Amino acid sequence: MDPEQVDEFVMGYLKKKGFNSAAKQLQEALHHNNGGTFNSTDYHNDPELTKLIRSFSQSENDPTRYRDGYSKLRSWAYNSLDLYKHELLRVMYPVFIHCYMDLVGKGHTREARAFFNSFRKDHEMIHLRDLQKLEGVLVPSHLEEMEFARSLRQSKVNIKICQYSYDLLLQYLHRTESTLMLGIINEHINFQVYSGQPNSSSDDIDAVTIVGSFQETADHINQKEIQWGLLEDSLEDRLEKTGSLLSDSEKGQGESKDGDVDDSKKRSNEIGKQGSSLKKLKKDKAGNATAKVARQETSIVSPAPRVKPELALPVMSTDVEESILEDLRNRVQLSSVAMPSVSFYTFVNTHNGLNCASISHDGSLVAGGFSDSSIKVWNMAKIGQAGSGALQGESDTNDQNVGPNGRRNYTLLLGHSGPVYSATFSPPGDFVLSSSADTTIRLWSTQLNANLVCYKGHNYPVWDVQFSPFGHYFASCSHDRTARIWSMDRVQPLRIMAGHLSDVDVSVSLTIVRCVQWHPNCNYIATGSSDKTVRLWDVQTGECVRIFIGHRSMVLSLAMSPDGRYMASGDEDGTIMMWDLSTARCITPLMGHNSCVWSLSYSGEGSLLASGSADCTVKLWDVTSSTKLTKAEEKNGNTNRLRSLRTFPTKSTPVHALRFSRRNLLFAAGALSKPAS
């Protein structure tokens with residue numbers, strides 16, 4: 001290769017890669033030398049550099065070099081020592097997707113498809129949904145037209161790797177002269193190198209993160225100020241001011257003094273008594289020492305600040321207020337040494353038709369939404385009278401469905417014209433909201449057993465709907481990529497949260513908002529999406545005020561801590577992450593489930609987190625220890641301290657719903673996946 005060819009190729013390469021300033025300087029230098037080349041000290045006399053340039057010029061349009069380079073890098077990584085292998089394999093996925101997109105961008109469609117199909121199995125376990133999106137990129141124009149592909153091209157991947165693994169990778173690339181792989185890694189990967197031994201492959205949730213315009217936008221949004229505290233003059237605030245919390249012995253006495261309450265309150269107290277008696281039996285050996293430890297753990301947490309409501313909250317009736325205050329006074333204090341009692345409601349004979357379940361705040365009512373568009377509500381007091389503890393599903397002719405008076409043991413609510421995906425009780429339990437594939441939300445009365453209102457506004461199936469903590473207002477999220485705020489007395493939404501359609505989203509065309517949850521002070525709602533992010537929205541302005549990035553699969557469930565400071569989110573892979581709302585930082589990931597996390601719930605005082613999963617287990621996690629990090633631990637980034645306290649396995653029942661009652665009895669529900677014997 002003569003000097004003029006080298007100059008021409010270098011000029012073309014600089015322009016192609018966007019180094020316009022360097023290309024301009026090179027052109028000026030060549031022009032200054034009267035169109036000639038540099039003197040004997042220039043790059044023409046460097047044999048290694050000349051060899052490198054020759055390799056670029058000869059293979060620029062050769063599609064096989066992508067397959068060969070990636071295959072050799074893959075073999076080297078898989079054959080590395082086990083101590084470093086998991087860190088080196090982190091590099092393979094970003095290299096894989098950019099090799100594929102480079103081939104597509106250069107018009108080598110057939111070679112790109114062959115490359116994709118040959119190596120996709122390596123990444124399907126973790127990145128299946130991303131690969132399904134990437135599979136649709138077939139021609140160069142798709143790289144610009146499809147938001148997902150464009151965001152990948154414009155973003156970089158941050159990979160945490162120890163110094164020795166980093167040195168091994170560089171030595172391999174230079175020794176084998178893998179210039180193509182080196183160029184892709186240099187252009188699309190940022191290495192965060194740390195000293196010491198490699199971290200475990202599963203402990204570090206931030207080992208691989210995507211940065212770019214999306215991350216910059218999220219960082220900008222997360223600078224906004226939010227008021228995460230509890231409302232002024234709330235019922236909890238009144239109890240704290242009056243000091244009317246009862247001791248453990250007084251709670252037991254208080255639970256037996258409910259002669260003047262209504263029927264629904266009596267049913268609640270029956271369940272509360274049962275839970276309290278079980279707790280007393282469990283605590284006989286621990287005695288006062290356990291109660292003392294529980295009080296010490298809960299007293300360490302600093303009180304939440306008080307904020308003013310942004311919504312006009314409904315006036316609570318005296319009876320409801322007294323009922324809630326009574327429950328709060330008799331709340332059992334839970335901790336890592338004081339476990340809750342668990343009441344599990346099992347649906348049988350559902351024939352895979354149960355899509356969702358919901359439990360009222362006192363556990364007296366259980367609702368199920370089914371694929372045949374029906375909603376069924378069970379009254380636990382009547383179930384107990386009938387002598388059957390099972391919740392029957394679709395078969396109305398089953399003898400166990402019929403009570404002593406010849407009537408069904410449940411209330412059948414009909415009105416939807418598509419599968420029911422979500423149901424939720426109002427705080428007093430007098431209303432039920434349901435959402436469906438028919439794009440509507442319906443309000444039902446549990447006293448009249450009738451449909452009161454049909455809310456229309458979404459254009460696609462509505463995946464989730466949730467009452468606010470004070471009732472009257474509710475939030476919904478849909479396949480149309482929006483979340484909406486409603487009030488019971490209006491058929492049109494009050495707010496529409498449409499941020500998932502903006503450039504903040506990394507995969508607009510395929511984004512689905514799957515779950516929604518209210519903040520305890522009703523000033524914010526959170527939404528979880530298929531784009532692997534959670535967003536926090538201001539209900540007054542409709543603006544997104546937080547973006548939480550860290551999940552590696554679709555977010556399916558959300559829960560807010562009682563003090564409003566923390567949020568937990570569960571995803572499709574079984575990972576749970578706990579977030580600090582004020583900083584948008586992940587406090588700790590929870591690894592334990594091996595399938596979808598469908599439901600999350602904090603205990604009344606916020607010391608425990610319960611999770612229900614498709615792996616047929618309920619897990620309890622110690623929240624208090626995870627939020628008390630020392631300065632040294634925060635500096636070292638050691639935040640994985642949330643430990644699993646207890647696992648409750650079911651026989652064969654995926655857990656659809658969880659709820660802590662106000663008295664801290666844990667309720668759970670799910671459908672038996674095998675026929676009852």
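Start by selecting Arg 514 and Trp 463: in this predicted model, Arg 514 lies over the face of the Trp 463 ring, 4.5 Å from the ring centre. For another charge over a ring, select Lys 376 and Phe 370, where Lys 376 sits over the ring face at 4.9 Å from its centre.

Now zoom out to the whole protein. You will find 21 helices and 33 strands, and of the 677 residues, 52% count as buried.

Next, select helix H6, residues 92-105. The largest nonpolar core has 42 residues, and Val 95, Tyr 100, Leu 134 and Met 181 have the most contacts inside it. Helix H6 supplies the largest share of this core, ten residues. Click on Leu 134 and look beyond its neighbours within four places in sequence: Leu 134 is in contact with Ile 97, Tyr 100, Met 101, Phe 116, Phe 148 and Leu 152. Apart from this core lies another, of 18 residues, including Ala 475, Val 516, Trp 518 and Ile 547.

Which rings should you show next? The whole structure holds 19 aromatic pairs. One of them joins Tyr 70 and Fhe 96 in a tilted arrangement, 5.9 Å centre to centre with 50 degrees between the planes. (Read that second residue as Phe 96.) The pair links distant parts of the chain, with Tyr 70 in helix H4 (residues 64-78) and Phe 96 in helix H6, 26 residues apart. Tyr 70 is buried, at a relative accessible area of 0%, and Phe 96 is buried with a value of 0% as well.

To finish, add Tyr 100, Phe 115, Phe 116 and Phe 119 to your selection: ring pairs link these with Tyr 70 and Phe 96 into a cluster.

Notes
Residues are numbered from 1 along each chain as its sequence is written. This is a predicted model: local features need pLDDT of at least 70, side-chain atom pairs count only at pLDDT 80 or more; totals for chains, interfaces and linings use all residues. Side-chain values use heavy atoms; hydrogens and water are left out. Helices (H or I, at least four residues) and strands (E, at least two) are DSSP runs, numbered from the N terminus. Buried means under 20% relative accessible area, exposed over 50%, partly exposed in between (1.4 Å probe, protein chains only). A nonpolar core is a set of buried Ala, Val, Leu, Ile, Met, Phe, Trp, Tyr and Cys residues joined through side-chain atoms within 4.5 Å. Contact means heavy atoms within 4.5 Å. Rings of Phe, Tyr and Trp (its six-membered ring) pair if their centres lie within 6.5 Å; planes under 30 degrees apart count as stacked, over 60 as edge-to-face and the rest as tilted. A charge sits over a ring if NZ of Lys or CZ of Arg is within 6 Å of the ring centre and within 35 degrees of the ring normal.
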